[in-house]
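Trainee: I am new to this structure and would like a close look at one part of it, the way its helices pack. Could you then carry on from there to the other features worth pointing out?

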Amino acid sequence: MSIRITPHILSVIDWTKPLSDPVRRQFIPLKSSFVKDHPKLQLDSLNETGDSPTPGLVHRYRDKALFLAVSVCPVYCRFCTRSYSVGGPTEELSNKRSFSPTRRRWERMFEYIERTPQLSDIVVSGGDSYYVPPEHLSSITERLLSIPHIRRIRIASKGLAVCPSRILTPEDAWTQAIIDISATARRLGKSVALHTHFNHPAEMTWITRLAAQKLYEEGVVVRNQTVLLRGVNDNAETMGLLIRMLADNNIMPYYVYQGDMVSGVEDLRTPLSTILEIERHIRGSIAGFATPNFVVDLPGGGGKRLAASYDTYDRSTGLSTYIIPGKNGGKDRVYEYHDPL
Ligand code: SF4
């Protein structure tokens with residue numbers, strides 16, 4: 001990934017201990033911490049390209065599709081699943097498959113959604129929706145809400161975690177667009193939610209709390225998706241604190257993801273045993289509705305599965321397998337997750 005970071009994130013890094021800082025680790029690489037990739041790591045590890053009927057629309061689950069509106073974000077996370085597309089070119093990766101925010105490309109995506117009646121749920125993502133201009137965000141969601149079979153829209157943005165002041169800026173139209181879109185959806189009996197991405201308690205400052213409170217008062221549903229990362233949040237104490245802080249700020253802790261098997265960030269992955277152990281400590285200690293699902297997004301496009309639902313897990317080789325029922329009555333398929341070497 002290329003490097004991009006916001007003033008908010010710079011301000012929450014502990015610059016007296018930058019080498020071990022959990023926020024720094026997510027965004028600024030150190031050559032000394034690089035670890036050779038596991039041979040099974042891939043750039044597009046979830047095979048999103050293979051599940052895209054038209055560029056930028058990923059249709060993997062029967063009911064749900066991912067609408068990739070842009071390929072830019074306010075920060076670039078080193079471990080991004082979509083590093084094959086997101087951000088500018090780098091020395092290692094000069095030919096990213098970026099998705100330009102053009103009406104022509106969006107139109108092909110809308111047409112696919114309109115002629116696919118089993119779809120009821122769309123995630124508008126990228127990149128980050130913070131970089132979709134408010135008028136475009138409104139027009140995308142209005143178009144989606146006008147499709148009778150679309151019942152739910154999720155807008156994915158790390159903005160609340162990495163640039164919360166924007167949400168509090170009265171003249172900024174992006175937040176108002178989210179508030180208006182949520183209200184419109186409610187009137188139609190549909191739902192719109194904002195999905196955000198906090199990974200460490202240090203990311204939540206007093207200004208984050210004010211921004212979360214504003215969204216809560218305005219009736220915007222906010223859910224969080226955390227990625228489990230070595231040296232960031234890979235212990236039950238840190239993860240438990242993060243989950244409680246999210247719940248206390250009316251941000252639903254929705255998912256904790258096992259790190260994807262994506263190229264170039266082996267130093268940030270943990271073995272499957274870590275997520276299993278963290279879940280063992282957290283489940284039962286926090287109210288059920290505030291307990292996230294601990295999941296693996298299976299490499300190759302198997303989709304999200306509860307981490308603990310593996311069929312086999314050999315801790316000595318680090319290989320776990322998950323059996324997924326075949327699509328359209330087809331044969332079951334076995335997907336593999338590999339711990340770091
Ligand atoms: S904000 Fe999301 S899409 Fe952007 S780099 Fe981070 S993980 Fe990837």
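In which hand, left-handed or right-handed, does H9 pass H10 at their crossing?

Mentor: Please keep in mind throughout that this is a predicted model. H9 passes H10 in a right-handed crossing, and the two elements involved are helix H9, which covers residues 236-248, and helix H10, which covers residues 272-282. Two packed helices are described by the angle between their axes and the distance between the axes. For H9 and H10 the axes come within 9 Å and cross at roughly 55 degrees, and the two helices are therefore oblique to each other.

A second pair to look at is helix H4, residues 134-145, with helix H7, residues 173-187, whose axes come within 9 Å and cross at roughly 15 degrees. Because angles under 35 degrees count as roughly parallel, H4 is roughly parallel to H7, and the crossing of these two helices is right-handed.

H4 also packs against helix H3, residues 103-114, at an angle of about 20 degrees and with the axes 11 Å apart. That angle makes H3 roughly parallel to H4, and the crossing of H3 and H4 is again right-handed.

From H4 we can step back along the chain to the loop between strand S3 (121-125) and H4, where Gly-127 lies. Gly-127 is joined to Gly-126 by a cis peptide bond, with omega at about 25 degrees. Gly-127 is also one of the residues around the ligand, a group that further includes Met-1, Cys-73, Val-75, Tyr-76, Cys-77, Cys-80, Lys-158 and His-197. Sorted by class, this shell has six nonpolar residues, two polar ones and one charged one, and the space that the ligand takes is the largest pocket.

Another backbone feature is found at Asn-47, in the loop between helix H2 (22-27) and strand S1 (57-58). The phi angle of Asn-47 is near 55 degrees, which is a positive value in a residue other than glycine.

Terms used: Residues numbered from 1 in each chain as written. Predicted model: local features only at pLDDT ≥ 70, side-chain atom pairs only at ≥ 80, totals over all residues. Heavy atoms only, no water. Near = heavy atom within 4 Å. 1 Å grid on protein atoms, 1.4 Å probe; cavity = no way out; pocket = protein on both sides within 12 Å on 5 of 7 lines; lining within 4 Å. Sits in = over half its atoms within 2 Å of the grid points. Nonpolar A, V, L, I, M, F, W, Y, C, P; charged D, E, K, R; others polar. Axes fitted to C-alpha atoms, helices over the stretch in contact; angles between N-to-C directions. Helix = DSSP H or I, 4+ residues; strand = E, 2+ residues; numbered from the N terminus. Parallel < 35°, antiparallel > 145°, perpendicular 65-115°, else oblique. Left-handed = near helix turned anticlockwise from the far one by under 90°.
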